[in-house]
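Welcome to a short set of exercises with worked solutions. Keep the viewer open and try each task before you read on.

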Amino acid sequence: RPEFLGKTAEEAQHFFVSFLEDWRLSLGLSRFTLLGHSLGGYIAASYALKHAQHLDRLILAAPFGVQKRPEAAVPRDLPLRYRLLRWFAMRTSPQALVRVAGPWGPSLMTRLRGAYDNARYGYSDNRVIDYVYHLSAGVGSAEYAFMALQDGDTIGFARRPLFDDLKQLSVPVSFIYGDRDFIRYETAHDLVPHLQVPARVHILAGAAHHAYATHPDEFHAAVLEAVTVSA
């Protein structure tokens, strides 16, 4: 894994985009459709803004970092324990805790399974938790770049939100959200009228943030529609 040595959101954005462009070059792709989910949506959108000539279409599934931070989201006069928790969360990562746990890491993942509960995705074994554990236990890389992208005052918002930048997008785009996602699908509805390219918004009923796993049929249908139907 490449080491991230930057500190700023701009450096983190360049870190992700440059490696995605290197990947394209290594495969010899001239044009392709790019889909990104969550943080991957921020990366995909950033790539599209810089390398639009290589994309046929952009698909953003519950993308992190598009929405501007509302003033009401800035916490004020929080109790000390919450300020300490926020300070800690902005300076470390869940993956770091897994690595520090050493041989107890798998057990920790099982206890803190949350969004990665195996049964939630229809499995009776531990394949989801095992997969996420091995991703987390490796040398830290993208997680630190992600921390640089995040707003310093509020977790869940980007230091450099892409809402205004995406108004200059020059490739067709489709948005996919679950209607129970913590990332607001209303942001896409607010953005689409400002776009100069074909754009669609797909809302999946009953789905939350990991719709690709919990509602695969509906998610795949939205992706197929995005790549085969003119917006």
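**Exercise 1. Two helices in contact**

Which residues in helix 1 meet which residues in helix 2?

*Solution.* A word on the material before we start: this is a predicted model.

Step 1. List the partners. Helix 1 brings Gln 13, His 14, Phe 16, Val 17, Leu 20, Glu 21 and Arg 24, and these meet Leu 39, Tyr 42, Ile 43, Ser 46, Tyr 47 and Lys 50 of helix 2.

Step 2. Sort them by character. The residues of this contact divide into 7 nonpolar, 3 polar and 3 charged.

Step 3. Add the geometry. The two axes come within 9 Å and cross at roughly 75°. Angles of 65 to 115 degrees count as roughly perpendicular, so helix 1 is roughly perpendicular to helix 2.

**Exercise 2. A second partner for helix 1**

Describe how helix 1 packs with helix 7, and classify the angle.

*Solution.* Step 1. Helix 1 covers residues 9-27 and helix 7 covers residues 142-149; their axes lie 7 Å apart at an angle of about 140°.

Step 2. Over 145 degrees would count as roughly antiparallel, and the angle here is about 140°. Helix 1 and helix 7 are therefore oblique to each other.

Step 3. As for handedness, helix 1 passes helix 7 in a left-handed crossing.

Step 4. On the helix 1 side you will find Ala 9, Ala 12, Gln 13, Phe 15 and Phe 16, which meet Ala 142, Ala 145, Phe 146, Ala 148 and Leu 149 in helix 7. This contact divides into 9 nonpolar residues, 1 polar and no charged.

**Exercise 3. Backbone angles in two loops**

Look up phi for Ser 38 and Ala 62, then describe where each residue sits.

*Solution.* Step 1. Recall the background: most residues other than glycine have a negative phi.

Step 2. Ser 38 has a positive phi, near 60°, and is a residue other than glycine. Ala 62 is not a glycine either, and its phi is positive at about 45°.

Step 3. Place them. Ser 38 belongs to the loop between strand 1 (32-37) and helix 2 (39-50). Ala 62 lies in the loop between strand 2 (55-61) and helix 3 (80-89).

Step 4. Check burial, for which the cut-off is under 20% relative accessible area. Ser 38 has 18%, so this residue is buried; Ala 62, with 2%, is buried too.

Step 5. Connect the two. Beyond its neighbours within four places in sequence, Ser 38 is in contact with Ala 61, Ala 62, Pro 63, Phe 64 and His 209.

**Exercise 4. A long-range pair**

Is Thr 187 buried or exposed, and which residues does Thr 187 touch?

*Solution.* Step 1. Thr 187 is part of helix 8 (residues 186-191).

Step 2. Its relative accessibility is 5%, so Thr 187 counts as buried.

Step 3. Not counting residues up to four places away in sequence, Thr 187 touches Val 66, Gln 67 and Phe 163.

Step 4. Take Gln 67 from that list: Thr 187 and Gln 67 are 120 residues apart in sequence, yet 5.9 Å apart in space, C-alpha to C-alpha.

**Exercise 5. The whole chain**

How many helices and strands does the protein have?

*Solution.* Step 1. The secondary structure comes to 10 helices and 4 strands.

Step 2. Read from the N terminus, the elements run α-β-α-β-α-α-α-α-α-β-α-β-α-α.

Step 3. Of the 231 residues, 42% count as buried. Among contacts with a separation of 6 or more, 70% are between residues 24 or more positions apart.

Conventions. Residues numbered from 1 in each chain as written. Predicted model: local features only at pLDDT ≥ 70, side-chain atom pairs only at ≥ 80, totals over all residues. Heavy atoms only, no water. Buried < 20%, exposed > 50% of the residue type's maximum accessible area, 1.4 Å probe, protein only. Contact = heavy atoms within 4.5 Å. Axes fitted to C-alpha atoms, helices over the stretch in contact; angles between N-to-C directions. Parallel < 35°, antiparallel > 145°, perpendicular 65-115°, else oblique. Left-handed = near helix turned anticlockwise from the far one by under 90°. Nonpolar A, V, L, I, M, F, W, Y, C, P; charged D, E, K, R; others polar.
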